[in-house]
Amino acid sequence: MLIRVQPQDPTPLYTQIAGQVRRAVMEGRVKPGERLPGARELADALQVHMHTVLRAYDELRQEGLVEVRRGRGVVVLANGPDRSRLLELARALRAEGARQGLALRELRKLLGEVG
Amino acid sequence: MTTSNRPLLARDEMLTWLIYALLALGFVLGISPLLIAAPRLPEFVAVHWSLAGLPDGSMPKRYVLFLPPLLLGPAVVLNWISARASAPSRARLVLPLAMFSAALCGVLGTVLAAANWGRAHWQSAAHLAPSVAVSVVALPLVFALGTLGVAVRRWPASPHSLLPPGPKLPLSGQDRAYWSGSASNRAMLLLLLLGAPVMLLVAEQRDALWALGITHVLCFVLLELLTKIRVTVGEREVRIRYGALGWLSSRLPLDEILEANALELSPLDFGGWGYRWCRGKRTAVVVRAGLALRVALRSGRQWFITVDDAEAAASLINGLIERKRRSG
């Protein structure tokens, strides 16, 4: 799995890192059950604070893309790629729905109507 | 893409398994009849027969146990040497020689145990017609010739000589990048663990516990280190960590690297799995068949490391080298 960050890019570093992991999972370059690099190791290599890496990993964990396992570290979950994208879309849908004043119940109805 | 032309490599991997299984079978057939028959064998065991078929040479029982494994030694060494073969034609000969050695080990162990079974003295061991002596050599020979056919047909031409230049990741001065990947093949380790109770049980009853115990521990350590690796590419070096703990590692400083590629490897390219080293030429860390990273060093040595997502690794290595060259 390749992780590249561009400090000159306005995107926050932790977002870049999380995005790189997401992309790697979606492209199949890291398999479910495989460990992500250790936070300290990755932080040293990318010359960022360990906190930045931990924040990225935490975001991925909240998305359900990875899991923290005792003794093993941060591990990619089986339902990784599609779920990540779905969650992204779901978030966007909720945001847009909220903007247009739609309740969750109405959003669900909308989803049911589509294809 | 981490998948590769799987059907062909799966067959190669199965063939490698078969070869290893046959070598192991040779060892087991060589040592187990003697181990099992040990209490029923005389103190001195007949090991040589005259042309008339009468036993005329003997050896103390506790040394006879080591006779078949001694024959297997060359098989193991030959298998290792095949990785050093610079020409595919030489490599093709080595495999049948290894097979001959293993089969000889097996047949000899069985014949010695059978001929001496239940005899009070070696002198009263079974008479063995010359035809038995002939088949002791002939059977392994036939077996080895069979393998020659397989080796000649299947052994690939060296695939590493001409490789197109590898991918290169464009990196600006401030970019920071890191690659990590792994490869594992725990099947053999599992087999060893499963076989351990059986082997130790037999060994304990035959007072050979210490010998088999040591062998088992050695095999376990070797397999642990060579059936799982983690590889990382950073701005300073490429690092290979062996085993689940990663306490032993190999480092390839980026300054010493010329270029990197990704390619498909079969264990047969190097005579089998594990750490294969050839003086002045190649080092191969073969954990499984499939995608591998090739790193060419300035010294002329080439490293071949089976690892997933090798193209991205090669791409980063080449990109880092290029960036250093530009800024240098």
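Contact, as the word is used in this tour, means heavy atoms within 4.5 Å. The model is predicted: local features need pLDDT of at least 70 and side-chain atom pairs count only at pLDDT 80 or more, while totals for chains, interfaces and linings use all residues. Residues are numbered from 1 along each chain as its sequence is written, chains are lettered from A and ligands numbered from 1 in the order in which they are written, and side-chain values use heavy atoms, with hydrogens and water left out.

**Stop 1: the interface**

Select chain A and chain B together. The contact draws 19 residues from chain A and 23 residues from chain B. About 1800 Å² is buried between the two chains, with carbon and sulfur atoms giving 42% of that area; buried area is the accessible area (1.4 Å probe) that two parts lose on being put together, summed over both.

Next, display the charged side chains here. Between chain B and chain A there are 5 salt bridges, a salt bridge being a side-chain nitrogen of Lys or Arg within 4 Å of a carboxyl oxygen of Asp or Glu. B:Glu311 pairs with A:Arg29 in a salt bridge whose closest N and O atoms are 3.9 Å apart. On the side of chain B that touches chain A, the elements giving two or more residues are β3 (176-184), β4 (228-233) and α8 (310-327) of chain B. Of these, β3(B) gives the most, with 6 residues. Helices (H or I, at least four residues) and strands (E, at least two) are DSSP runs, numbered from the N terminus. By class, this side of chain B has 9 nonpolar, 6 polar and 8 charged residues. Here Ala, Val, Leu, Ile, Met, Phe, Trp, Tyr, Cys and Pro count as nonpolar, Asp, Glu, Lys and Arg as charged, and the others, Gly among them, as polar.

**Stop 2: the second largest pocket**

Select A:Glu34, A:Arg35, A:Leu36, A:Arg72 and B:Arg230. The second largest pocket has a volume of about 550 Å³, and those five residues are the closest to its centre among the 29 that line it. On a 1 Å grid over the protein atoms alone, a pocket is an open set of points with protein on both sides within 12 Å along at least five of seven lines, a cavity is a set where a 1.4 Å probe fits but cannot get out, and lining residues have an atom within 4 Å of a point. Grid points are joined across faces, edges and corners, and a volume is the space filled by probe spheres set on the points.

The strand β3(B) supplies the largest share of this lining, 5 residues. The whole lining divides into 11 nonpolar, 8 polar and 10 charged residues.

**Stop 3: within chain A**

Now show chain A alone, which has 5 helices and 3 strands in the order β-α-α-α-β-β-α-α along the sequence. Select A:Arg22 and A:Glu59, whose side chains form a salt bridge (2.8 Å, N to O). A:Arg22 lies in helix α1 (residues 13-26) of chain A and A:Glu59 in helix α3 of chain A, so the pair ties together parts that are 37 residues apart in sequence.

**Stop 4: a cavity in chain B**

Finally, select B:Leu34, B:Ala38, B:Leu41, B:Val45, B:Lys61, B:Val64 and B:Leu65, which line the second largest cavity. This cavity holds about 30 Å³ of space, and its lining has 6 nonpolar residues, no polar ones and 1 charged.
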